[in-house]
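Hello,

Here is the structure I promised to pass on. Please open it first, then read the notes below.

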Amino acid sequence: MAASVGWRNPDGPSYKEQIDAWHQTRINSLKSETGWLNLAGLFWLDNGKNSIGRGTDFAVSFPVADAPVDLGTLYLEKESVRFVPKAGASVSADGKPITEPLVIFTHNQKPVVLAHGSLRWFIIRRGSKYGVRLRDLDSPNLKEFQTIDRYPVDESWRVKARLETPTTPTTIPIIDVLGLTSQQPLAGTLVFERAGKTYRLDAVEEGDKLFILFGDPTNDHETYGAGRFLYADRPASTGATSENRLIILDFNQSINPPCAFTPYATCPIPPKQNKLAIAVTAGEKRYGEH
């Protein structure tokens, strides 16, 4: 979730109320059909033919409901994935039954989401690996989830940062939990002060936001061990003066990565230069044991 809290109107809600409302939106997002709480599996495909169904007799083995069901076959060929339905299998896309072979993934199109009962699945790519990401809209995780513990809202953790942009296009290596490394374009380095000391965080781009992966000493016991995520609005201008590159880093909006909620996510890990020496006692605390 990349939304951010705007600065308060004197006649509007308080800062704490804004953060609380933002956090509720975050909770709603996690519980939505496209949220992280309903993930039920991640299955890496072999090149060529991959049988798919509910039960253990398939290369892609979805959980069984009333009885095993053969859903069809996935073919991974030349960076695309084609689904061939089993005759009579109840599989749909966009609410329409699939009766003929259908390309559900290529490198230049949005993956097609397939459905069978409460299950939803689509293809993800990580490096040279292609996998089936499975959702279950009846996942027990949705029923068990209540909320996420947070530090008390502390406005002092809403800090001004200066964005230092690279003079030439630059990339930084980002490693994910699979051990895969990708080179991400560096949007800039955010420089801020806290208690008289200066800190720096590299940011990459995600849509119209700056995306920051960071770690700090709270990861040892209080927050997620592999670090947290933070989004920030881009500056209104990237002109020559430093004032034009000032942005707000609101650590009260620090969030757990998807891997805190499910073992079926492939989260990036903060680069070593983004491991802060200061304890960030703001934002979400540790959730779960993933």
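**What turned up**

Strands S1 and S11 run antiparallel, and 5 bridges join them. One example: Trp 44 has Gly 131 of S11 as its bridge partner. Keep in mind that this is a predicted model.

These two strands belong to an open sheet of 6 strands. The order is S1-S11-S10-S9-S6-S7, and the pairing is antiparallel. Which strands stand at the edges? They are S1 (39-44) and S7 (96-97). Each has a single partner strand, so one side of each is left without a neighbour in the sheet.

Next, the cores. The largest nonpolar core has 24 residues. Phe 62, Leu 114, Trp 121 and Val 132 have the most contacts inside it. Several strands give two or more residues to this core, including S3 (60-62), S4 (69-77), S10 (119-126) and S11 (129-136). Another core, of 22 residues, lies apart from it. Among its residues are Ala 187, Tyr 199, Leu 201 and Ile 247.

Now look at Leu 114. Leaving out residues up to four places away in sequence, Leu 114 touches Phe 83, Val 91, Ser 92, Ala 93, Ile 98, Ile 104, Leu 119, Arg 120 and Trp 121.

Last, helix H1, residues 15-31. How far should its 17 residues span at 1.5 Å a residue? The expected span is 24 Å, and the end C-alpha atoms are 25 Å apart, which agrees. The buried residues of H1 include Tyr 15, Ile 19, Trp 22 and Leu 30. The buried residues of H1 pack against strands S12 (158-164) and S18 (246-250).

Best wishes

Technical notes. Residues numbered from 1 in each chain as written. Predicted model: local features only at pLDDT ≥ 70, side-chain atom pairs only at ≥ 80, totals over all residues. Heavy atoms only, no water. Core = buried A, V, L, I, M, F, W, Y, C linked by side-chain atoms within 4.5 Å. Buried < 20%, exposed > 50% of the residue type's maximum accessible area, 1.4 Å probe, protein only. Helix = DSSP H or I, 4+ residues; strand = E, 2+ residues; numbered from the N terminus. Contact = heavy atoms within 4.5 Å. Pairing = 2+ DSSP bridges. Expected span 1.5 Å × (residues − 1).
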